[in-house]
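Subject: Handover of a structure and notes on its contents

Dear colleague,

Please find below the structure that I am handing over to you. My notes on what was found in it follow directly after.

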Amino acid sequence: MKIAITGHTKGIGKCIKDLLEKDGHEVVGASTSTGINVMRTKSVINWLTKENPDVFINNVYAPDSQCHILYQLYEKWQYEDKLIINLSSTSGESHTHFQQLGFNKDWTPYVSDKARLNFASLYLSERFNGGGGEHRCRITNLRPGFVNFSILGRNQPPAAVSYTHLTLPTTPYV
């Protein structure tokens, strides 16, 4: 199976890429090291169109990018047997506790973007379930908890991901 992933050189993305390759999948990655800026949604969509993977793992957090990539890719793939996996975060559920958390200039935009991604994933996956069969692209949203790495660019240990085995299904699911 051909799988595309953003952010395949560090953190969770690198761990996922390594596990998928170990399982025999063909994995292609987009990151600044491959010349693709995920903040430029159009360049990511063009790259995905060129690569034509079976699965896309929407991994990299960049302000506003994950949702834009999801919606634009879904518009292209909605009638195809494809799978989009969004890596969100449990922090996206923190919006219900904003009053207790307070405003943090570094954290609040991240939490807001992840909450939007959670909503968009749910909305689009319901189109698959209730679309009468015409929508064939599946959406899965994964929300890991805290991972030991920094979104702010500080030097920290690599992400600690302990998946014993990552299996991608060959049958449609949401």
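I begin with a pair of charged residues in helix α5 (residues 108-130): Arg116 and Asp113 are three residues apart there, so about one helical turn separates them. The two form a salt bridge, and their closest N and O atoms are 3.2 Å apart. Arg116 counts as partly exposed because its relative accessibility is 37%, whereas Asp113, at 13%, counts as buried. Elsewhere, Lys2, Lys50 and Glu51 are joined into one network by salt bridges that share partners.

Please keep in mind throughout that this is a predicted model. The mean pLDDT of the protein chain is 78, and 69% of its residues reach 70 or more. One stretch calls for separate mention: over residues 151-174 the pLDDT stays under 50, and the model has 42 contacts beyond four places in sequence for that stretch.

Overall organisation

The protein chain contains five helices and five strands. Read from the N terminus, its elements follow the order β-α-β-α-β-α-β-α-α-β. The chain has 174 residues, of which 44% count as buried. When contacts between residues at least 6 apart in sequence are considered, 70% of them join residues at least 24 apart.

Salt bridges

How many salt bridges does the model contain? The count comes to eight. As background, side chains of opposite charge can pair when their charged atoms come close.

Besides the pair in α5 described above, a salt bridge links Glu21 with Lys17, with 3.0 Å between the closest N and O atoms. Both residues belong to helix α1 (residues 11-22), where they are four residues apart, about one turn of the helix. Glu21 has a relative accessibility of 35% and therefore counts as partly exposed. Lys17 has a relative accessibility of 17%, so this residue counts as buried.

A further salt bridge is formed by Lys50 and Glu51, whose closest N and O atoms are 3.7 Å apart. Is each partner buried or exposed? Lys50 is exposed, because its relative accessible area is 64%. Glu51 is buried, with a relative accessible area of 17%.

Helix α2 and its surroundings

Helix α2 spans residues 41-51, and its buried residues are Thr41, Val44, Ile45, Trp47, Leu48 and Glu51. Because these residues cover an arc of only 160° around the axis, they lie on the same side of α2. Lys42 and Lys50 are exposed on the other side of the helix.

Against which elements do the buried residues of α2 pack? They pack against the strands β1 (2-6), β2 (26-30) and β3 (55-58), and against helix α3 (65-77).

Thr41, which has its place in α2, may serve as an example. With a relative accessibility of 12%, Thr41 counts as buried. Once its neighbours within four places in sequence are left aside, Thr41 is in contact with His68, Ile69 and Gln72. Just after the helix, Asn52 adopts a positive phi of about 50°.

Strand β4 and its pairing with β3

Strand β4 (residues 83-87) is mostly covered, as five of its five residues are buried. In a regular strand the side chains alternate between the two faces of the sheet. Which residues of β4 point which way? Leu83, Ile85 and Leu87 point one way, Ile84 and Asn86 point the other way, and all of them are buried. Strand β4 pairs with β3 in the parallel sense, over four bridges. Within that part of the model, Val55 stands opposite Leu83 in β4.

Cysteines

The structure holds zero disulfides. Cys15 has a relative accessible area of 22% and is therefore partly exposed. Cys137, at 0% relative accessibility, counts as buried.

In closing, I would draw your attention again to two points. The pLDDT stays under 50 over residues 151-174. The buried residues of α2 pack against β1, β2, β3 and α3.

With kind regards

Methods:
Residues numbered from 1 in each chain as written. Predicted model: local features only at pLDDT ≥ 70, side-chain atom pairs only at ≥ 80, totals over all residues. Heavy atoms only, no water. pLDDT = per-residue confidence, 0-100. Contact = heavy atoms within 4.5 Å. Salt bridge = Lys/Arg side-chain N within 4 Å of Asp/Glu carboxyl O. Helix = DSSP H or I, 4+ residues; strand = E, 2+ residues; numbered from the N terminus. Buried < 20%, exposed > 50% of the residue type's maximum accessible area, 1.4 Å probe, protein only. Arc of directions from axis to C-beta. Disulfide = S-S within 2.5 Å. Pairing = 2+ DSSP bridges.
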